[in-house]
Amino acid sequence: MSKGPAINAELGRPETPEETAARKAENSLKHRQRQTTMNLVYALVATLAVVLVIVLVVPRSDTPMEPDIDVAATASQAQAAVSAPLAVPELPDGWRANAAEIRRSDADQVTAWYVGYLTPEDEFIGMNQAVDANPTWVAGLLARTAATGTTTIDGIDWTVYDNRSTSDDVGNARYGMTTETGGTTFVLLGTAAPAEFGDLAHALTPTIQDQ
């Protein structure tokens, strides 16, 4: 004796052909959705694995990312723009330059040799050297702050601008030093400690004496 159509447990009766087709279509859709989700998971896992391999394989360095400028080479190229010998201080290990260029102030009509230094303590000192500078130019660099004292390094008198305790916004002019000789003005300013300013001023002595 032949069996009749199977009874669907949810319906309590055999499925019609239309219901069977709809059920199969729904099951197929769910299967495709599950496959898509799994594919996305596999792709994510594969991507994370590739990133991990790159992180593990690519060598890393503890050296700073800031560029280390060849100050001497840049000064040699820039010398034509300034009549006085450009300063290229010889500094101990740990000092590095992240900028070296000629800067022109149209407002003050001053042309200056600028070198930005990062110190061994990872602080900043900007060195500015200008011929025939004027007080307005100097004041602008030092955020128009007042001198707080003087110091003598290698027989050279420097004016000191110590703004570390002020609550005013003085930018990089937290500390500054200036000296003038032979018509050339040197302005040092930045965030480093006075001792590191002294190291840079000492390294500048030969250039200052040649002005």
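**Exercise 1. Which residues is Phe124 in contact with, leaving aside its neighbours within four places in sequence?**

Before we start, keep in mind that this is a predicted model.

Step 1: find the residue. Phe124 sits in strand β5.

Step 2: read off the contacts. Beyond its sequence neighbours, Phe124 is in contact with Tyr114, Gly116, Tyr117, Asn172, Leu189, Gly190, Thr191 and Ala192.

Step 3: check the burial. The cut-off for buried is under 20% relative accessible area. Phe124 comes in at 15%, so it counts as buried.

Step 4: add a distance. Trp95 is 29 residues away from Phe124 along the chain, and their C-alpha atoms are separated by 10.0 Å.

**Exercise 2. Find the aromatic pairs and sort them by geometry.**

Step 1: count. There are 2 aromatic pairs.

Step 2: take Trp95 and Tyr117. Their ring centres are 6.2 Å apart and the planes meet at 80°, so call this pair edge-to-face. Trp95 is in the loop between α2 (71-78) and β3, while Tyr117 is in strand β4, so the pair ties together parts 22 residues apart in sequence. Both Trp95 and Tyr117 are buried.

Step 3: take Tyr175 and Phe197. Here the centres are 4.9 Å apart with 55° between the planes, which makes the pair tilted. This one also links distant parts of the chain, with Tyr175 in strand β8 and Phe197 in helix α4, 22 residues apart. Tyr175 is buried at 9% relative accessibility, and Phe197 is buried at 0%.

Step 4: look for a charge over a ring. The charged end of Arg103 sits over the ring of Tyr114, 3.6 Å from the ring's centre.

**Exercise 3. Work through helix α4: its span, its kink and its cover.**

Step 1: test the span. With 16 residues at 1.5 Å a residue, α4 should span 22 Å; the end C-alpha atoms are 22 Å apart, so the two agree.

Step 2: look for a bend. There's a kink of about 35° at Ala203, shortly before the proline Pro206.

Step 3: list what is buried. The buried residues of α4 are Glu196, Phe197, Gly198, Leu200, Ala201, Ala203, Leu204, Thr205, Thr207 and Ile208. What covers them includes the strands β4, β5, β6, β7, β8 and β9.

Step 4: zoom in on one of them. Thr205 lies in α4, which runs over residues 194-209. At 7% relative accessibility, Thr205 counts as buried. Setting aside residues up to four places away in sequence, Thr205 touches Ile153, Asp154 and Ile156.

**Exercise 4. Describe the hairpin of β3 and β4, then track down the positive phi values.**

Step 1: get the pairing. β3 and β4 run antiparallel to each other, paired over 9 bridges. For a sample bridge, take Ala100, whose partner in β4 is Val115.

Step 2: inspect the turn. The hairpin has 4 residues between its strands, and Gln109 takes a positive phi near 60° there. At 66% relative accessibility, Gln109 counts as exposed.

Step 3: go to the other non-glycine example. Ala143 has a phi near 55°, which is positive although the residue isn't a glycine. Ala143 belongs to the loop between α3 (135-141) and β6.

Step 4: place Ala143 on the accessibility scale. Its relative accessible area is 32%, so Ala143 counts as partly exposed.

Note on methods: Residues numbered from 1 in each chain as written. Predicted model: local features only at pLDDT ≥ 70, side-chain atom pairs only at ≥ 80, totals over all residues. Heavy atoms only, no water. Helix = DSSP H or I, 4+ residues; strand = E, 2+ residues; numbered from the N terminus. Buried < 20%, exposed > 50% of the residue type's maximum accessible area, 1.4 Å probe, protein only. Contact = heavy atoms within 4.5 Å. Expected span 1.5 Å × (residues − 1). Bend = angle between axes of the 7 residues up to and from the residue. Pairing = 2+ DSSP bridges. Phe/Tyr/Trp six-rings, centres within 6.5 Å; stacked < 30°, edge-to-face > 60°. Lys NZ or Arg CZ within 6 Å of the ring centre and 35° of its normal.
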